[in-house]
Amino acid sequence: MTEHIPESSPLTFGQRVRRLRERNGQTRAVLGGLVGRSQEWVKFIESGRLQMPRLPLLLRLADALGVEDMSDLTGDERLAAASYTKAAHDALPTVKDALTSYTFGREADEAPTAAELIERVRQTWQLWHGNRDHRSRVAAVLPGLLSDLQHAARTLQGDDRRRALAALAETYHLTQLYLSFQPTPELVTLTGDRSMSAAQDADDPHAIAVAAWYLNHVFRDAGERHEARVDLAMRAADLLRPDNGPEDLARWGLLQLAAALSYAKIGRAGDAWRYWDRAEDAAQRLGDRYAHPWLMFGRGMVDAYAITMNNDLMKPGAALEVAERIDLAPMPSATRRSFHLIESARAHSMKAESVATVHLLRKAYHESPETARYNLFTRSAVSELSTAGSAMIRDDVRNLARKIGVQAA
């Protein structure tokens, strides 16, 4: 048991982490390994260049440091709801009901054709990528689409049933995206599992590959070991034939990117960039103008994810060098453009460049308000800058805080 640090101590969160680590005789590399992060991540936490992590990782950090009283670790820095609690969309109860309710007795009803359902799924993807209020638009159609696809999967036969199942797997992906960054981790896990089950029932390698991509996001957020994540991605990639055409090649490249992101998350730079190189090669083979119509895999997406990887590898300078070379405008997805702008803002935040951070967060909000509103980094950064930011950005921060629903000081 560690010695109790008085609540009145002026130590910051990072200073507390360092004090507890040194008291335990742990190196940064050892502590990072215990929580699945790099020694650079520990260094950035201790220096204050990274904020207090979200609750799941915070609990792992407390366990690795041998802390029994969380106040020993957090001190006076409380977990503000506006910063570290995920925001809930107004339509969340309706979507949740659609996922957790079971409709019986519809078998006598005539199911829509597989072609009709596939077209509806395509249109829903367009809503997700093409609208600034994409969550609200998609939430309005998800319950009915899920119900009709589940009905079709029970009643159609043969190839039509397999096509309906593949479309159902896609719709679970859309539902997972809608649920992301909201206070429903159990539903995110549920949609990931259901999408893989539907893809396997369809016996469709394309659907299985995409389900593996989305499950990788679920597993990363849940702290699943990187070995399991990479193994899943590579087993799914083995089902594909990259030389068969764009659909196989794009999915194969996407799974290489999944492995790259998993390795970057734990600080294994060599492995991360080795798999990123494979994804980039696939994107180059598809051509500079190619972007998958709903997965968005292509040269722009692969290049932009290099910003995220450098951030996770604690290389904000390298992340910003990448960001300067990328033109996000041609990317045919408002949600992805907004996300990558937020990742660029995260790099500036790690370098304590608050003016640039706020500027990019405002741009991200303009691209896609609902992407920015539900992004945890955006919420935590705006909350912190509302109290610690300079007078130069105070009005901008307060205005942004009001827009995304974070209470500013």
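The following legends describe close-up views of a predicted model.

**View 1. Confidence along the predicted chain.** The chain has a mean pLDDT of 90, and 93% of its residues reach 70 or more. Among the elements of the chain, helix α10 (residues 158-179) has the highest mean pLDDT, at 98, while helix α6 (residues 81-84) has the lowest, at 44. Over residues 80-84 pLDDT stays under 50, and for this stretch the model has 13 contacts beyond four places in sequence.

**View 2. Packing of helix α1 against helix α3.** Helix α1 (residues 13-24) packs with helix α3 (residues 39-47) at an angle of about 125 degrees, the two axes being 6 Å apart. This angle makes α1 oblique to α3. On the α1 side, the residues that meet α3 are Phe13, Gly14, Gln15, Val17, Arg18 and Arg21. Their counterparts in α3 are Val42, Ile45 and Glu46.

**View 3. Helix α11 and the residue that follows.** Helix α11 spans residues 185-202, a run of 18 residues. From its first C-alpha to its last, α11 reaches 26 Å, close to the 26 Å expected at 1.5 Å a residue. Buried positions in α11 include Leu187, Val188, Thr191 and Gly192; Arg194, Ser195 and Met196 are also buried, as are Ala198, Ala199 and Ala202. Asp203, just after α11, takes a positive phi of about 55 degrees.

**View 4. Pro205 in helix α12.** Pro205 belongs to helix α12, which comprises residues 205-222. With a relative accessibility of 34%, Pro205 counts as partly exposed. Leaving aside neighbours within four places in sequence, Pro205 is in contact with Leu239 and Leu240. Pro205 and Arg251 are 46 residues apart along the chain, and their C-alpha atoms are separated by 9.7 Å.

**View 5. Asp271 and its polar contact with Arg268.** Asp271 is placed in helix α15 (residues 269-286). Its relative accessibility is 17%, so Asp271 counts as buried, the cut-off for that class being under 20%. The side chain of Asp271 makes a polar contact with the side chain of Arg268, at 2.5 Å.

**View 6. Asp327 in the loop between α17 and α18.** The loop that holds Asp327 runs between α17 (316-325) and α18 (334-350). Asp327 has a relative accessibility of 57% and therefore counts as exposed. A polar atom of the Asp327 side chain lies 3.1 Å from the backbone nitrogen of Ala329. Between Asp327 and Glu68 there are 48 Å in space, C-alpha to C-alpha, and the two residues are 259 residues apart in sequence.

**View 7. Helix α21 and its N-terminal cap.** Helix α21 (residues 376-388) has 13 residues and reaches 18 Å from its first C-alpha to its last, close to the 18 Å expected at 1.5 Å a residue. Because 10 of its 13 residues are buried, α21 is largely enclosed by the rest of the structure. The buried residues include Leu376, Phe377, Thr378, Arg379 and Ser380; Ala381, Val382, Ser383, Leu385 and Ser386 are buried as well. At the N-terminal end of α21, Asn375 acts as the cap, with a side-chain oxygen 3.0 Å from the backbone nitrogen of Phe377.

How values were computed. Residues numbered from 1 in each chain as written. Predicted model: local features only at pLDDT ≥ 70, side-chain atom pairs only at ≥ 80, totals over all residues. Heavy atoms only, no water. Helix = DSSP H or I, 4+ residues; strand = E, 2+ residues; numbered from the N terminus. Expected span 1.5 Å × (residues − 1). Buried < 20%, exposed > 50% of the residue type's maximum accessible area, 1.4 Å probe, protein only. pLDDT = per-residue confidence, 0-100. Contact = heavy atoms within 4.5 Å. Polar contact = N/O pair within 3.5 Å; in protein donor to acceptor, adjacent residues only side chain to side chain. Axes fitted to C-alpha atoms, helices over the stretch in contact; angles between N-to-C directions. Parallel < 35°, antiparallel > 145°, perpendicular 65-115°, else oblique.
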